[in-house]
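Subject: A structure for you to look at

Hi there,

Here is the structure I promised to pass on. Please open it beside this message, and my notes will follow below.

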Amino acid sequence: MPDRTPRIGIDFDNTLIDYDGVFVAAARDRGLIGREIAGSKRAVRDAIRLLPDGELTWQRLQGYVYGAGIGDAVAFSGAVDFLRRCAERRVELFIVSHKTRYGHFDPAHIDLREAARRWMIEQGILAPEKGGIPADHVFFEDDRAGKLARIGALGCTHFIDDLEEVFADPGFPHGVRRVLFAATGAACCDVHCKDWQQISAAIFGDAA
């Protein structure tokens, strides 16, 4: 571990929470994809965008998954163990997410931020007494600029995100170590990790 105790920021959607199974099931239930499409949110998205009005259909599906469907999502394997390991070492953690309060195409008008908080409570993530994150360490921002400003204001030493464009943005705070959680790496990141076990090893400097 570096000399300075890490102060770690974590993105929420598709970094801490895994929606892949929810997207596949919801798309199949609506007849939007066949059995040949499986696995990832990206595969579902790419297939739906080929349909007539595909972009609008995709945005409506996202509105459902991030709202009413969030209860069926799971934490990525190893993510909760990482949070507990941080708690054991008294490493401060923050969730910083670009998430609007309501989906643009959600007829149920579900508060997406409250849905995300409920999910984190149910998963034991917002339970500092059990190695989770304090509720006041969760921040939802209206746009990417707000997210980047929050990362800087919190004094994060590391930020973990699944989106390359977050790290490539000129507004990303200088000096924050960029940890990309993705299948493939990118020049804009400092560390590329394919899973949370690799993230733990990268931050704590071991092979945990």
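How many helices and strands does the chain have? There are 8 helices and 8 strands. Please keep in mind that this is a predicted model.

**The chain as a whole**

The radius of gyration is 17 Å, close to the 17 Å that the globule rule gives for 208 residues, so the chain is as compact as a globular protein of that length. Measured out along its principal axes is not quite the phrase for a computed model, but the C-alpha trace spans about 55 × 35 × 30 Å along them. Of the 208 residues, 50% count as buried. Among contacts with a separation of 6 or more, 56% are made by residues 24 or more positions apart.

As for the surface, its accessible area comes to about 10,300 Å², and carbon and sulfur atoms account for 48% of that. The chain carries 26 positive and 31 negative side chains, and the centres of these two sets lie 1 Å apart.

**The cores**

Which residues have the most contacts inside the largest nonpolar core? They are Phe-12, Val-44, Phe-82 and Ile-160, in a core of 51 residues. A second, separate core has 17 residues, including Phe-94, Phe-139, Phe-159 and Ala-186.

Phe-12 is a good place to begin. You will find Phe-12 in the loop between strand 1 (7-10) and strand 2 (17-18). Its relative accessible area is 0%, so Phe-12 counts as buried. Leaving out residues up to four places away in sequence, Phe-12 touches ten-odd neighbours that you can pick out on screen, among them Ile-17, Tyr-19, Ile-70, Trp-119 and Met-120. Ser-97 is another residue that Phe-12 touches; the two are 85 residues apart in sequence, yet their C-alpha atoms are 5.6 Å apart in space.Phe-82 belongs to helix 4 (residues 79-88), where Ala-79, Val-80, Leu-83, Arg-85 and Cys-86 are buried along with Phe-82. What covers the buried residues of helix 4? The cover includes strand 1, strand 3 (74-75), strand 4 (92-98), strand 6 (158-161) and helix 8 (196-204). With residues up to four places away in sequence set aside, Phe-82 touches Ile-8, Ile-10, Leu-93 and Ile-160, and also Trp-196, Ile-199, Ser-200, Ile-203 and Phe-204.

**A buried arginine**

Is Arg-113 buried or exposed? Arg-113 is buried, with a relative accessible area of 10%. This arginine is found in helix 5 (residues 112-122). Neighbours within four places in sequence aside, Arg-113 is in contact with Lys-99, Thr-100, Arg-101, Phe-140, Glu-141 and Asp-142.

**Positive phi angles**

Most residues other than glycine have a negative phi. Asn-14, in the loop between strand 1 and strand 2, has a positive phi near 65°. Asp-53 has a positive phi near 55°, and its place is in the loop between helix 2 (41-48) and helix 3 (54-66). Asn-14 is buried, with a relative accessible area of 14%, whereas Asp-53 is exposed at 63%. Just after helix 4, Arg-90 takes a positive phi of about 60°.

Happy browsing, and best wishes

Key
Residues are numbered from 1 along each chain as its sequence is written. This is a predicted model: local features need pLDDT of at least 70, side-chain atom pairs count only at pLDDT 80 or more; totals for chains, interfaces and linings use all residues. Side-chain values use heavy atoms; hydrogens and water are left out. Helices (H or I, at least four residues) and strands (E, at least two) are DSSP runs, numbered from the N terminus. The radius of gyration is taken over C-alpha atoms; the globule rule is 2.2 Å times the number of residues to the power 0.38. Buried means under 20% relative accessible area, exposed over 50%, partly exposed in between (1.4 Å probe, protein chains only). Contact means heavy atoms within 4.5 Å. Accessible areas come from the Shrake-Rupley method with a 1.4 Å probe; for residues, only the protein chains shown count as cover. Lys and Arg count as positive and Asp and Glu as negative; His and the chain ends are not counted. The place of a charge is taken as NZ of Lys, CZ of Arg, CG of Asp or CD of Glu. A nonpolar core is a set of buried Ala, Val, Leu, Ile, Met, Phe, Trp, Tyr and Cys residues joined through side-chain atoms within 4.5 Å.
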